[in-house]
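I opened my notebook to record what surrounds the bound molecule, and after that to check the cysteines.

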Amino acid sequence: MATGGRPSDILMVAAIDFGTTYSGYAYSMKGEYERDKLNIHANTAWNSGTSTVMSLKAPTCILLRKETKELVAFGYDAENEYADIASTGRVDDYYYFERFKMVLYTREDISREMEIDDIRGSSLPAIDVFAASIGALREHMMGHVERQGLNLQPDEIKWVLTVPAMWTDKAKEFMRESAEKAGIRRDRLMIALEPEAASIYCQHLPPDKMTGAIEGFSVADDDTKYLVVDIGGGTVDITAHHKVCQDNLQELCSASGGACGGTTVDKEFLNFLENIVGERVMESLANDNSASYLDLVREFEILKRSISVPTKKKINFTIKPFADLNGLCLRFLEKEFKDVIDDSEYRDKISLVGDKMRMDGDLMKSLFDTACSHIVQEIRKVLKKIPTTNLKTFLLVGGFSECLIVQDAIQQAFPDVRILIPREDPGLAVAKGAVLFGHKPDFITSRITRCTYGRRIRPLFDESRHDPSKRVYGETGDRCRDVFETFMQKNKRVPVDEIVNVEYHTVMSSQGSVSVAIYYTLKDNARYVDDNGCKKLGEFRVPIPSPSAERRHVDVQFKFGWTELEVIATERQTGERTRYNFSLIN
Ligand SMILES: Nc1ncnc2c1ncn2[C@@H]1O[C@H](COP(=O)(O)OP(=O)(O)OP(=O)(O)O)[C@@H](O)[C@H]1O
Ligand SMILES: [Mg+2]
């Protein structure tokens with residue numbers, strides 16, 4: 001399996017947690033890991049400038065110069081510089097991208113050519129934006145490493161990049177190619193799955209480092225089964241784990257989830273403001289007063305993190321860009337902001353005192369409703385997949401799991417479940433767990449497949465089974481085209497080192513290569529490769545040395561139990577083995 005290089009060459013494992021809202025990194029030296037597994041370093045001082053939001057991660061936003069497409073800044077620096085640039089009016093000279101990871105979840109057309117829009121609608125190939133961001137995180141980390149007095153050669157570092165477990169193989173491959181574009185060698189890179197990484201981290205945490213854990217009760221006991229719920233900014237990513245025994249964790253069901261992370265609340269808040277002041281005011285604030293807009297969003301982030309349960313009767317929110325918002329109301333609505341509020345549907349629930357908005361606690365709490373009910377719904381879906389496993393422990397990780405409203409909603413929906421949360425910044429559990437995973441890639445010993453995989457074949461036509469529209473007439477017998485031949489079923493437990501062998505062969509004399517294509521469906525099965533929901537994952541060609549008249553064979557080994565789909569093809573006559581990856585075709 002792709003474990004990111006020979007263990008003897010590797011002196012350090014470095015992990016990048018590329019999040020929807022926040023990104024961070026963590027690393028540890030091999031020697032440190034051997035002495036104390038939890039001796040993992042992370043950057044604890046992201047320079048947030050004027051903002052009071054303290055975080056062990058930096059916002060996932062990037063500023064690039066338009067002319068040269070080179071990096072200007074990443075993270076808080078990018079936010080601050082963009083705010084400066086916006087106030088001087090030179091925004092057209094720059095690209096500013098934020099929260100763009102979700103495109104790899106929402107878009108179906110993932111390819112190397114896929115473009116994404118920045119905050120003002122200028123587009124760039126997504127792979128360049130992801131690569132520049134990964135590159136910026138890598139550089140930041142290397143600076144941190146050097147300041148610790150460590151001097152490492154690139155070959156001595158194993159990189160681990162985290163991705164949501166519920167992503168498609170294509171999205172994972174996109175991240176891999178972005179990392180390569182950022183200068184990380186393919187053979188030094190591993191992909192880790194976010195909830196898995198967090199789960200591994202919590203396996204190493206002593207109970208006193210976990211909220212909700214009591215003596216004799218932790219996820220690390222042998223034969224413990226628990227749900228892992230990674231509630232981040234963009235998504236909730238859920239899986240279930242079984243700690244069988246020491247260093248042996250198994251996945252109990254395939255990972256799934258939805259787009260209901262913390263940013264759902266941000267969107268609800270912006271919608272709520274738009275309901276009051278209208279689309280034109282909000283658009284103008286975002287596009288023509290970007291610095292003020294950023295202030296508003298940042299201020300809400302601070303408020304969002306301070307909400308308690310039960311929610312206070314009244315909540316005060318300082319509208320930092322009050323003057324701008326008021327000016328826009330006067331310009332577009334010919335009324336003061338205060339009068340706009342008084343004329344809105346919320347007149348009984350909010351009032352304005354100077355630049356402070358006083359909101360009803362219930363109104364504020366309602367902004368969390370969509371996210372909370374969606375999260376609970378996604379958890380129920382996962383539990384339904386394993387009805388006979390009586391899961392009574394939920395491990396919550398990810399920044400949004402710190403939200404008391406979210407914790408309360410989950411506890412209310414599942415009253416007899418014990419909720420465990422790593423005490424020290426659950427937001428870093430993923431990055432630190434990814435480091436542990438890099439040191440010991442086989443900590444998870446088996447996984448459950450998320451798709452059914454197969455290939456396209458042309459068997460002899462069978463009237464009792466095949467669709468007449470697929471019939472191809474031929475001299476040596478009629479055949480059926482586009483038949484989906486399954487070689488891996490969905491929801492199957494696959495040990496990490498299990499190999500599925502599939503034989504391919506030439507069909508013509510002197511054929512110079514054999515094409516290997518793989519199709520997948522999220523359904524349990526497919527009859528034809530063009531069935532609804534069935535897609536081509538990718539294709540590659542295996543060269544046939546000295547092509548000859550007789551039939552030549554290629555043996556393809558698939559590993560479905562790993563974090564990424566691994567493929568090795570062997571040309572039978574020469575014994576030549578090659579590792580392939582499915583390129584990002586459309
Ligand atoms: N104490 C808190 N209370 C409420 N929300 C919080 C708190 N801390 C962080 N959040 C929210 O959690 C989200 C960030 O979590 P995290 O850093 O785990 O996400 P991410 O890794 O960027 O996203 P993803 O994993 O979905 O790609 C943000 O929406 C943030 O507002
Ligand atoms: Mg995350």
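I began with the backbone, and in this predicted model I found a backbone N or O atom of Gly233 at 2.8 Å from an oxygen atom of ligand 1. I then looked at Thr235, where a backbone N or O atom lies 3.0 Å from an oxygen atom of ligand 1. For a side chain I turned to Thr20, which has an N or O atom 2.6 Å from an oxygen atom of ligand 1. I also noted the areas: ligand 1 taken alone exposes 650 Å², and the protein buries 94% of that.

Next I listed the surroundings, and of the 21 residues around ligand 1, those that come nearest are Thr20, Lys101, Glu301, Lys304 and Gly399. I sorted the shell by residue type and got 3 nonpolar, 11 polar and 7 charged residues. When I asked where the shell comes from, I saw that helix α9 (residues 290–306) gives the largest share, 3 residues, and that domain 1 (7–210 + 432–442) and domain 2 (263–366) each supply at least three residues.

Last, I checked the cysteines, counting a disulfide where two cysteine sulfur atoms lie within 2.5 Å, and the count came to 0 disulfides. For Cys260, which is in no disulfide, I found the nearest cysteine sulfur, that of Cys372, 9.5 Å away. I wrote down Cys260 as buried, because its relative accessibility is 0%. Cys480 is likewise in no disulfide, and the nearest cysteine sulfur, that of Cys534, is 14 Å away. Cys480 has 0% relative accessibility, so I entered Cys480 as buried.

Terms used. Residues numbered from 1 in each chain as written. Chains lettered and ligands numbered in written order. Predicted model: local features only at pLDDT ≥ 70, side-chain atom pairs only at ≥ 80, totals over all residues. Heavy atoms only, no water. Near = heavy atom within 4 Å. Polar contact = N/O pair within 3.5 Å; in protein donor to acceptor, adjacent residues only side chain to side chain. Areas by Shrake-Rupley, 256 points an atom, 1.4 Å probe, with all protein chains shown as cover. Helix = DSSP H or I, 4+ residues; strand = E, 2+ residues; numbered from the N terminus. Nonpolar A, V, L, I, M, F, W, Y, C, P; charged D, E, K, R; others polar. Domains from an automatic or database assignment. Buried < 20%, exposed > 50% of the residue type's maximum accessible area, 1.4 Å probe, protein only.
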